[in-house]
Amino acid sequence: MSGSDEASAAAQRPSPPSPEADLVSGNGTQAVQAPSTTSLPPSIVIEVEDDRTSMLPEGIRHAFIDHLRYTIGKDDRHATPHDRFLALSLTARDRMTARWIRTQEAYRADDAKRVYYLSAEFLLGRALRNNLFNLGMLDQTETVLRQMGLALGDILEQERDAGLGNGGLGRLAACYLDSMATLSIPGYGYGIRYEFGIFDQVIRNGAQIERPEEWLRMGNPWEVPRPEYTQHVHFYGHTETVQNGDGQPRVRWVETTSVLGVPYDMPIAGFGSGNVNTLRLWGARASEEFDLSVFNAGDYERAVFDKNASESISKVLYPNDLLIVGKELRLKQQYFFVACSIADLLRRHLADAGVQQDRVALLARLRALPDKAAIQLNDTHPAIAIPELMRLLVDVYGLPWDEAWEITTACIAYTNHTLLPEALEHWSVELLGRLLPRHLQIIYEINHRFLRQVWTASPTDPGRMERMSLIQERPYKSVRMAYLATVGSHSVNGVAALHSQLLKQSLLPEFAQLYPERFTNITNGVTPRRWLMQCNPSLSRVISRRIGTSWQRDLEQLSKLAEFADDPSLHSEFFAIKLEHKRALSAYIRQHNHVSVDPTGLFDVQIKRLHEYKRQLLNVLHLIVLYQQIKAGANEKGSLPPIRRVALFGAKAAPGYTRAKLIIRLINAVADVVNRDRHVADALKVVFLANYRVSLAERMIPAADLSEQISTAGLEASGTGNMKLSMNGALTIGTLDGANIEIRERVGADNFFLFGLTADQVTARRPHYNPWDSYRQSPMLRSAIDLIRSGFFSYDDPARFHPLLDALLPPGTEAGIAGVTHAGQPLGDEFFVLADFDAYAACQARVAETWREPSRWARMAILNIAHVGHFSSDRSIREYADRIWRVRSVPV
């Protein structure tokens, strides 16, 4: 469809129903609000309503049995555990749907400003327990099931994690949706309905093997398809300039291929509020099922080729982009969900005012878009929204460029999540011009006007134009998406104080000079509903007995718990709860890893995406040293026995990240040796828990005693695992990086195990850093590295782990030659693992010393819980709402 065709369609199509009609009626028409002239007797209406919405035990029981029989088609005798999961999920969904409808009606009636949160990832995890809890029906449901001879826990285990994300970025988006609904903020999530989410990880011979994650194989009871709001998305083709009706030039995008975006809605229930917001995920469908003439001619493969190619867009989360075909698919994914979402929010905005048939009223409504829509870009993946919104406003609706640009920048805000150069997206001009030719033209026009502004601001520095250009010229022409997101937004925020500072100082310094008012910080947060109240109900009950329940809606109220930090009875209860979770996790480890661990030992936990800057390698090097010390000290009389330590890892490495996958193999190799050594016994156990995901995190976090937050200072944007672990009473060992800094400030320096170089020290040392110096100066470190190099942990292939060691200590630099590569990185040990090793080992010794004093440990843990309230996602969302989105709550 050409640009003029789109404009014509926009002007001529009948007024589409509002988004609220999605929920009220299933046929794309506005539900009738007037009472029927043939109303049913009130008693019947009440009975039907009660079956669907009752929160009483008998109503829940009745609904569960009805769904099992009439929706699933099973009686109790033949029902499988998964059938029961579906029936219970639908019982909860019924109760959510009633609130869902009322919520959308309230937003429409209020003509409220809405938040549209665009994210390539939403790492939701399991939904059933969360929905039962937020609806306030968890306890009733558990009681009902127990009376029926069923265990809620067994039913909950039937749900597969919705793994629509890779790590912290997607989990943060899920927490933010939860908080928006809880705070009654009109919010919509927009993303992709990946058929296969983040891969399932299997460990075979110590190595990571990736398997497809088929989260939809057994269906998804939470989603509601909305085919009536399907969007057409265009690719390829070319542009042409024509004269419109008033003689003005207009660009048309013609001879495109199209794909359909079909929306699937998932309800997001708020806790303690009547609001249920919407997560809308887009699935790709071919615009035509297949070419019937080709099919009839017998060439089935060619007939369905276009269908399969179209639908591959939403097939897999983050396809491997090492090849050009993978890069093209990633760009298609990003534009696909952005184009669907921008078109959808414009449809909703215009339909709410009913102005499609009145050109003057339509333009007035478009100009009011910034007052009614806040579009948040969760990192650079949705940054193509900027030229897409410009394309629609200029090409389809005919607004002048300057007016369209004012609207676009007033609507859009950008959150940056990384300082790593390789994570900052660049799209080649060749690929972008071939796939989205009109968008490339718009980006060039944006750049042209922006560089004119740069020149005006700095006429004596011509090099500044090249440095700030949206188009990078070398080594190949590409579009800098972080620059585009910065120029096209009214707000740019980092996600922790240090990260936001480095964003202005290192990553975007000249943009911060040009637009100082745009840059701000909003530190990340996590939802306490899932990460404390649900995964650790025993601790939640103990907290409420001491300080009441007000903390459940205002996490800052946890500070009252500090009064009880020295209470011996609270210490006892705290350790009893920890032991309960550690025993449960020990049983899981025994079942899945076939390793017995001592639940009374220190559970030392590092759970996060596997990346070299997160320094799992630093952790495993220290474990090798501990192993050597335990072995050496076994025959020493009078020496202090080591504390019993259970080192737990959970991490996935990107399929194409060879070195990260080799670190996983090293961890498992060390675990295999340590756990089989009878001389070590329970003094040290090392366990890598496969397929780390949200539901596994919910098991591990309440059981953790020590939280490993040991990234190279200056490289972790924020981190949220650090917040979840601290919230559950784990003490942090960490660097001054990301949100660690703010956590330490809040909980107190005495209640945080700090080590390592600061970000400034890393920067200062980088030009002359020689890792061989650290190797030579540390006997412990040298011994661990030499043991790996000897093949002790890989007897079948002694050189297996040499690539890891060579990255730390490049061969040929032993003589002490320091320096950096052309990219500004050190010749070895890019992430300062060796430089920080001795400080890390000394800090771990302080951990062991403290662990030997239970009352001191308990006091520190309680103070961590008491002062972590600032890191609630509710606080983060309030800051976004007040400072960036300028939206108000609409309670239902």
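This report walks through some strands, a pocket and the cysteines of a predicted model.

## Ground rules

Residues are counted from 1 along each chain as its sequence is written, and side-chain values use heavy atoms, with hydrogens and water left out. Since we're looking at a predicted model, local features need pLDDT of at least 70 and side-chain atom pairs count only at pLDDT 80 or more, while totals for chains, interfaces and linings use all residues.

## Around strand β24

Let's start with β24, residues 731–734 (strands, E, have at least two residues and helices, H or I, at least four; both are DSSP runs numbered from the N terminus). Leu731 and Ile733 point one way, Thr732 and Gly734 point the other way, and all are buried (under 20% relative accessible area with a 1.4 Å probe, protein chains only; exposed is over 50%, partly exposed in between).

Which strands run parallel to β24? One is β23 (residues 706–709), joined to β24 by four bridges, where two strands pair if DSSP finds at least two bridges between them. Here Ser707 has Thr732 as its bridge partner. Another is β25 (residues 753–754), joined to β24 by two bridges, with Gly734 opposite Leu754.

Helices link up with these strands too. β23, α29 (residues 721–727) and β24 make a right-handed β-α-β unit, and so do β24, α30 (residues 740–747) and β25. Right-handed means that, with the strands pointing away from you, the path from the first strand over the helix to the second runs clockwise.

## A three-stranded sheet

There's also an open sheet with the order β15-β17-β16 and antiparallel pairing. β15 (426–428) and β16 (471–472) sit at the edges with a single partner strand each, so one side of each has no neighbour in the sheet. Two bridges join β16 to β17 (residues 478–480), and Gln472 has Ser478 as its bridge partner.

## The second largest pocket

A pocket is an open set of points on a 1 Å grid over the protein atoms alone, where a 1.4 Å probe fits and protein lies on both sides within 12 Å along at least five of seven lines. The second largest one has a volume of about 1200 Å³, meaning the space filled by probe spheres set on the points.

Its lining (residues with an atom within 4 Å of a point) numbers 41 residues, with Arg129, Leu156, Gln534, Cys535 and Pro537 nearest the centre. Elements giving two or more residues include α6 (128–135) and α25 (568–593).

## Cysteines

How many disulfides does the structure hold? Zero, counting pairs of cysteine sulfur atoms within 2.5 Å. Cys411 is buried at 1% relative accessible area, and Cys843 is buried at 0%.
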